[in-house]
Amino acid sequence: MSEWFLLLVVLIPLVAAVLSPMLPFKKRNSRLFFLEAAVILNSILVFAVLLNRPDASLTVFRFTGNLSITLKLDGVGGLYAGLVAILWPLALLYSFEYMKHEHNEVSFFLFYVFTYGVTLGVAMAENILTMYFFFEMLSLITLPLVMHTRTREAVLASRTYLYYMLGGAAFAFIGMIFILTYGRTSSFVPGGVLDLTKLAGRENLIAIVFVLCFCGFSVKTAMWPFSSWLPKAGVAPTPVTALLHAVAVVNTGAFAALRVTYFSFGPELIRGTWAQKLLMGLIVFTIVYGCSRAVKETHFKRRLAWSTVSNLSYILFGIILLSQEGLTAACAHMVFHSFMKICAFFCAGAVIYKTGRNYIHELDGLGRKMPVVFITFTISSLALMAVPGLCGFISKWYLAKAAVLSENPMAYVGIVALLISALLTAIYMLTIVVRAFFPGKDFDYESIRDVQDPNWLMIVPLVIFVIVMFVFGLHSTPVVKLLEQIAAASVR
Amino acid sequence: MAFVQNLPFISIILSLFSGPLSSILSGKWAKRLNLAVITLIGAFSVLVLTFVLQTGEPFVYFMGHFPAPWGNEIRVGVLEAFMAVFFCVIMLLSMIGGSREREIEIEESKQNLYYIMVDLLLCSLLALIYTNDLFTAYVFVEINTISACGLIMIKQNGRTIEAATRYMIMSLLGSGMLLLGICFLYDLTGHLLMSNIKEQVQILAVTGQYHTPLFIALGLMAIGLAIKSALFPFHAWLPDAYGYSTVSSAAILSSLVSKGYIFLLVKIFYRVIGFNVVCDSKVINVLFVFGIIGMLMGSISAIKEKDIRRMIAFSSVAQIGYIYMGFGLGTEAAVVASVYHILSHAATKSLLFVAASGLTDASDGSGKFYDLTGAGYRNKIAGIAFTVGSLSMVGIPMFSGFISKLLFSQAAMGHDMKMLPTLIALAISTVLNAVYFMKTVITIYMPATGKVNMREGRVIPIKEQPVKAIALIFFIVLNILLGLSSEPVVNLIRIGLEMFD
Amino acid sequence: MDFANLLHNYPGAVAMVLFGIGFSNLLLQKNLIKKIIGLNIMDTAVYLFLALKGYIDGRKAPVVVDGVQSVEAYINPIPSGLVLTGIVVSVSVTALMLSLTIRLYHRYHTLDLDEISAQLKKEDK
Amino acid sequence: MKELLLVSILLPSLAGIILLASAFADVLKKKSKKQLKAQAKKSQTPLHLFVGAILAVSAAVILYTAWSGEKSLTLFTLVDNISFRLSLDLLGSFFVTIVCIGWLAAGFYSFVYMSHEGGEKSFFGWFLMVFGVLVGLCFSGNLVTMYFFFELMTLTSMPLVLHNGSREAIMAALKYLFYSMCGAYGALFGIFFLFRYCSSLDFAAGGHLNMTLVSGHEGILLAAVFAMILGFGVKAGMLPMHAWLPTAHPVAPSPASAVLSAVIAKFGVFAIIRTVFYVVGPEFLKGTWVQYAWMTLALLTVFMGSMLAYREKVFKKRLAYSTVSQVSYVLYGLSVLTADGFTGALFHTMAHFFIKTGLFLTAGVFIFKFGYTKVEELRGLGKKMPILMWSYTFLALALIGIPPTGGFISKWYLAAGSLNSGINFFSWFGPVVLLLSALLTAGYLLPITINGFFPGGESEAEVKEEDPHLLMLLPIVILTTMAVLIGLLPNVFVDLISRITNAVLW
């Protein structure tokens with residue numbers, strides 16, 4: 001397939017998004033239909049491109065010398081692109097219903113669809129500059145979505161969001177410059193591009209820069225101590241929190257970290273250095289920290305956000321193991337966690353949409369009234385708790401396996417952290433479930449008499465996610481095989 | 001010799017005489033004259049630039065037919081010509097952008113005085129760019145200072161006069177040191193023409209004679225010019241001067257005047273002392289340290305600001321810091337980066353000032369952030385322009401700021417000792433920039449509804465201020481141009497620097 | 001740093017000392033008038049230094065009275081020219097400073113710059 | 001016929017799911033409480049018929065499957081190269097039989113009992129699901145499959161605990177849940193490492209560690225195994241994670257607490273047996289710190305449990321504490337890693353199962369008829385319901401271990417196993433502790449008998465005998481007879497058990 005399709009799939013959402021406010025649509029639905037059609041078409045195109053991948057890379061634009069915006073699709077990028085392409089249409093479907101009770105949705109959908117293109121851009125970046133470019137763009141383009149409600153709280157949240165994002169990018173920038181200067185090439189090559197002849201005897205420098213760069217990118221994945229923006233950003237409308245702050249934006253951070261680790265710096269250079277130890281320490285701490293904050297949190301969406309913080313660090317943990325197994329596990333968790341968490345968030349959104357309740361102590365007895373929502377929620381919680389038979393268990397299994405294989409004491413600690421966080425997950429998720437289904441003897445259902453499940457626009461995505469969770473949980477072999485191939489291709 | 005070679009001299013003279021001429025004109029005509037002159041000179045400079053690029057070597061223009069070492073010379077290379085073009089463009093746009101404010105803020109009788117000042121300023125800038133004679137440079141530095149002072153104080157209120165006084169005091173200190181430095185050099189070498197001084201200095205450097213005096217002279221000149229261009233510890237005058245003068249003054253001062261001094265410093269480094277000698281001296285380390293401190297302190301005080309104009313003013317302290325940091329790195333690439341940053345900052349900063357004035361118009365003339373809430377909706381074009389400027393300042397790809405950040409850090413990579421400090425300082429200052437610029441952007445795009453006791457601004461449609469809108473659009477285009485197709489510009493700078501010696 | 005050297009060209013030293021005095025006055029004085037005086041001292045010091053450099057023992061000023069004599073007869077004319085130019089510059093600058101001072105005095109009835117800033121701060125309130 | 005394995009798992013669980021669905025449907029129909037009550041009354045008999053039929057049929061199927069030879073069935077790959085594998089061996093059959101008996105007894109008992117608790121449909125629904133899950137647990141063919149069912153067991157048995165929906169019950173349920181999860185994850189930690197160092201995770205007597213891999217990593221592997229013992233030990237109420245048991249068991253409806261305490265607690269033991277004797281292999285643990293720590297914990301639990309039970313006033317709580325101590329008898333028997341110990345352990349599993357089920361059901365009767373929960377309320381019941389009281393007495397004696405009851409035999413084997421374990425300190429210290437706790441057991445069980453028959457003081461002249469409903473009485477009596485029977489003619493069972501033992505060690 002011609003490499004121009006790469007540019008095409010990036011552009012279609014951007015164009016569609018920009019057109020959507022301009023075109024004179026009579027009714028709300030016609031605009032939404034237009035957007036949905038565009039997005040679905042794009043997703044189909046993405047898969048078409050994935051299935052017969054163009055080998056050539058496409059240079060869109062050249063800044064100076066070797067600095068150029070270049071698109072190319074390789075294994076890891078393809079994986080990420082595919083994931084995004086699956087999730088976006090569903091999320092858009094959901095948000096059509098959800099946004100009914102939020103105002104000026106036109107601009108919302110503009111940026112929401114626009115982000116799709118940018119995310120694909122990150123996935124298909126061929127060199128580090130391109131990735132940085134789309135990375136920055138992502139931070140800026142999602143800002144209006146965070147401050148969508150325009151309340152004081154939202155504005156403060158969006159400020160924090162932006163400071164963290166740009167700050168992270170600023171430190172990632174150092175890494176980029178380092179690669180541009182000392183790399184044989186700026187593009188992503190499995191096993192890293194650093195030119196050791198130039199760097200002989202400066203291992204410490206490499207380590208420092210790697211730490212800075214990794215942390216910089218990991219700000220988007222809300223690694224401790226850069227995690228506080230994520231819960232704050234929960235003020236955004238739920239589709240944003242669900243798709244962007246549980247999947248697209250945050251995974252972009254993980255993806256970027258993965259890129260620089262395996263394709264720019266190269267795992268060999270980092271393995272066993274203090275850099276790896278330090279980062280692993282931070283990550284392991286984040287895994288536990290996020291969960292414990294989630295347990296303390298009483299706001300529904302913020303609790304989920306904290307849980308995201310910890311789960312994203314699973315991915316980083318897999319990455320920083322610096323082995324093929326680790327990479328496999330990281331990819332697996334990237335994929336599976338997206339489904340679990342987006343499902344959980346959509347349930348929260350459905351509750352907010354139907355009842356306007358935001359806090360957990362307000363959820364008593366809703367399980368009996370919104371059975372579908374809360375059953376799906378229960379299943380996603382079980383998945384997050386890594387109950388066997390659901391996809392959460394699979395990714396945890398591979399993470400732990402990789403950690404054990406690495407025979408690195410730090411990694412053993414990491415396993416313990418994984419399990420502790422699983423336990424905490426059980427605590428903070430199941431308390432909600434129990435509340436919802438067993439409000440206690442003396443609870444009068446009259447107070448929530450006319451609460452009921454939302455309509456199909458919201459239900460369909462939820463059900464699909466649940467099915468996916470079960471499928472991946474019970475029959476993970478093919479997808480894992482695929483991931484293993486990708487990882488093998490990425491670690492030389 | 002080709003006719004084009006006369007053009008630099010002609011343009012200097014043109015601007016010089018248009019000043020006194022406009023003193024007998026009415027404000028309106030003075031304005032037209034001034035705009036015409038700037039445009040004309042811009043055109044001339046373009047011709048000169050093309051000429052120099054064709055010949056591929058600089059040319060020297062004797063004034064009053066004395067050959068060196070006695071005569072006074074103009075020397076034109078690629079960089080000089082390019083700077084002249086760029087300065088003309090920026091000045092033109094700033095004049096256009098601020099025209100409405102000038103009519104409001106300056107009383108009718110003084111209108112034409114303003115244009116005298118601008119003409120003289122242009123003249124002195126051109127002279128600073130072109131001249132090959134140190135003492136001439138000094139004289140024009142003073143002229144520059146005086147006219148700049150005029151630009152500040154033309155808007156008659158206590159603030160501006162006080163600011164002008166402070167400005168004068170500081171820059172007089174600076175020029176005093178500069179003059180002393182020049183005298184030292186003259187004492188050491190017996191020449192005033194840059195090229196001749198350089199020969200001598202090279203000899204001295206090789207033989208190692210007069211080591212201390214030479215570096216004292218260099219230090220005096222560097223510090224003097226640093227003071228005049230408001231490097232960090234000497235920036236006390238800057239926020240008032242930029243924050244309270246009329247818009248086009250602020251734009252011109254921040255983007256041209258200080259840059260003129262810096263450009264002179266570059267010339268001194270390359271054409272008078274010789275870059276190799278400069279790099280061996282300790283002076284550049286001093287510049288480096290102060291540059292970095294400036295980068296951070298400037299931003300920090302900008303964060304504390306409540307008024308948008310003063311905030312932008314403080315941010316230019318930080319940006320000046322960038323430039324001196326570049327000199328401090330003391331490598332070819334770093335100087336290229338600094339010169340590029342001179343350009344990008346000139347473009348961005350004047351854009352920001354003009355846009356800010358547009359926003360304040362839309363919020364009943366108040367520059368306080370509290371009143372600016374939602375101004376981005378009330379004055380669309382200004383809002384967009386301000387956003388672009390901020391993004392460029394923060395260093396987002398495809399805006400000019402990104403490229404200079406890129407060049408700086410690439411230059412830093414070449415350096416062992418100063419690499420990590422520079423990179424980290426860059427990163428931190430990026431964050432700080434983000435903090436105050438993005439905060440402003442968010443504020444102006446936050447709807448003003450539900451705010452109590454806020455002065456309600458009125459919506460300003462584009463057709464109400466067409467001129468400013470045009471200026472802003474040009475600024476935006478210029479900015480994005482610098483951001484996207486930086487390669488030719490960078491090459492120009494490289495060639496120019498090579499032509500210096 | 002041998003002091004013999006310093007003693008040998010004491011005029012230069014004097015000029016430097018003067019420059020220092022002027023500089024510090026311009027920088028540190030609160031009173032604007034004193035600042036301006038400092039400025040003038042500073043400039044004058046520089047001119048003194050220049051003139052000194054131009055001067056050669058036992059020669060005449062480069063003014064042609066009775067026919068041009070050999071170049072050795074005259075001292076170096078250029079510094080004198082520079083000094084003249086410099087004086088012009090400093091005069092204009094001084095004038096400007098003085099006018100500013102007058103304006104400020106009319107407004108705030110003080111010559112103390114910090115005082116003025118304080119009043120300005122009050123204006124904001 | 002290996003599909004029978006699957007069938008016998010699915011049959012009860014599906015039935016359970018159907019019941020739950022219908023129960024949920026009732027709730028959704030937004031009916032008022034009164035209507036629900038009426039409907040419940042109406043649908044009671046058909047419900048009982050349905051449940052009874054299911055119980056009977058599936059029990060028949062399961063028992064047939066269990067005793068018709070070993071068989072195994074591989075369904076699909078769960079994760080990595082580990083498949084979801086069901087297989088049956090003697091140990092599995094042994095436990096599955098226990099499960100069946102327990103469920104039959106408790107099930108029929110609760111037909112009467114649950115009528116005053118309400119919410120029967122959902123109760124029986126969960127009840128049947130747990131049944132299915134437990135069968136799966138017995139049949140599971142490798143560690144991961146077992147872990148899968150283990151988690152499910154926790155999740156499905158939780159609703160039994162919070163059945164009556166009171167705040168207290170919910171809190172207890174959550175406590176139960178989180179303790180069990182904690183244990184499960186501890187076990188999972190071990191599994192990760194075993195997967196690395198074992199050639200396979202399938203169950204095979206004697207285990208299969210890959211010694212070449214292990215060499216050099218004994219330390220971490222031992223830690224992993226210990227983590228698993230602790231983790232599974234949570235279910236068995238072993239110290240330090242026993243606190244949930246006395247909270248969770250009593251709040252459940254009595255039949256539920258009977259199966260929880262007598263059967264489900266045993267599955268902690270089952271899992272430990274599987275891990276230690278079928279995956280790791282006892283040889284690896286012999287003489288290591290893990291074994292000693294394990295023994296110490298077990299003995300501590302035995303003693304602590306009895307002490308707490310002795311000081312407890314609420315009857316069901318007292319029984320729960322006694323479970324804590326009794327199950328640790330079994331653990332101790334395992335921890336000595338000798339043939340006799342193992343035999344004793346399995347035998348005591350069986351004995352304690354009969355006894356404790358019986359006891360809890362008895363307690364249920366007290367609550368059902370008089371609403372008595374405290375111990376001191378139980379006076380003079382001997383006159384009112386002599387049969388019940390007598391059976392209780394026999395059960396108590398059995399638990400204390402007076403010959404010729406089942407308890408005696410098991411304790412005998414345990415002591416023997418400990419004495420010839422060759423670990424000088426524990427070999428004699430263990431039996432001493434066991435004896436002590438036996439005394440305590442007598443201390444906390446017999447008073448009820450005494451007060452029951454000789455209330456002393458005021459004498460009720462005319463108390464008419466009112467033994468409970470037959471469906472409640474019969475299971476208790478049967479269990480009692482079994483408890484005594486296995487003591488009278490132990491050889492049958494000992495032979496069976498020693499077949500397992502021989503398969504496992506030596």
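A helix here is a DSSP run of H or I with at least four residues, numbered from the N terminus. A:Ala386 sits in a loop between two such helices, α15 (371–384) and α16 of chain A. The model is predicted.

**Exercise 1. Classify A:Ala386 and A:Arg150 by burial, and describe their phi angles.**

Step 1. Start with A:Ala386, in the loop between α15 and α16 of chain A. Its phi is near 60°, a positive value in a residue other than glycine.

Step 2. Recall the background. Most residues other than glycine have a negative phi.

Step 3. Apply the burial cut-off: a residue is buried if 20 or more other C-beta atoms lie within 10 Å of its own. A:Ala386 has 27 other C-beta atoms within 10 Å, so it is buried.

Step 4. Turn to A:Arg150, in the loop between α5 (128–146) and α6 (152–182) of chain A. Phi of A:Arg150 is near 65°, again positive in a residue other than glycine.

Step 5. Count the neighbours of A:Arg150. There are 18 other C-beta atoms within 10 Å, so A:Arg150 is partly exposed.

**Exercise 2. Find a cis peptide bond in chain A and another in chain D.**

Step 1. In chain A, look at A:Trp224 and A:Pro225. A cis peptide bond joins them, with omega about 5°. A:Pro225 belongs to the loop between α7 (203–218) and α8 (229–232) of chain A.

Step 2. In chain D, go from D:Pro403 to D:Pro404. This peptide bond is cis, and omega is near 5°. D:Pro404 is in the loop between α17 (386–400) and α18 (406–419) of chain D.

**Exercise 3. Describe how α9 and α12 of chain A pack.**

Step 1. Locate the helices: α9 spans residues 238–265 of chain A, and α12 spans residues 300–320. Their axes come within 10 Å and cross at roughly 20°.

Step 2. Name the arrangement. Angles under 35 degrees count as roughly parallel. The crossing angle therefore makes α9(A) roughly parallel to α12(A).

Step 3. Give the hand. The crossing of α9(A) and α12(A) is right-handed.

Step 4. Pick out contact residues. From α9(A) they include A:Val250, A:Ala254 and A:Leu258; from α12(A) they include A:Leu312, A:Ile315 and A:Ile319.

Step 5. Sort the contact by class. It has 10 nonpolar, four polar and one charged residues.

**Exercise 4. Work out which chains touch, and what chain A offers to chain D.**

Step 1. Rank the pairs. Of the three pairs of chains in contact, chains A and D share the most contacts.

Step 2. Rule out pairs. No contact joins chain A and chain C; their closest C-alpha atoms lie 27 Å apart. Chains C and D have no contact either, with closest C-alpha atoms 61 Å apart.

Step 3. Look at the contact of A with D. It takes 30 residues from chain A and 30 residues from chain D.

Step 4. Trace the side of chain A that touches chain D. Helices α16 (391–406) and α17 (409–437) of chain A each supply at least two residues. The largest share, 11 residues, comes from α17(A).

Step 5. Sort that side by class: 21 nonpolar, six polar and three charged residues.

**Exercise 5. Decide how compact chain B is.**

Step 1. List its elements: 22 helices and two strands.

Step 2. Compare sizes. The radius of gyration of chain B is 22 Å, close to the 23 Å that the globule rule gives for 501 residues, so chain B is as compact as a globular protein of that length.

Step 3. Check burial. Buried residues make up 66% of the 501 residues in chain B.

Methods. Residues numbered from 1 in each chain as written. Chains lettered and ligands numbered in written order. Predicted model: local features only at pLDDT ≥ 70, side-chain atom pairs only at ≥ 80, totals over all residues. Axes fitted to C-alpha atoms, helices over the stretch in contact; angles between N-to-C directions. Parallel < 35°, antiparallel > 145°, perpendicular 65-115°, else oblique. Left-handed = near helix turned anticlockwise from the far one by under 90°. Contact = placed C-beta atoms within 7 Å. Nonpolar A, V, L, I, M, F, W, Y, C, P; charged D, E, K, R; others polar. Rg over C-alpha atoms; globule rule 2.2 N^0.38 Å. Buried ≥ 20, exposed ≤ 12 C-beta atoms within 10 Å, placed from the backbone.
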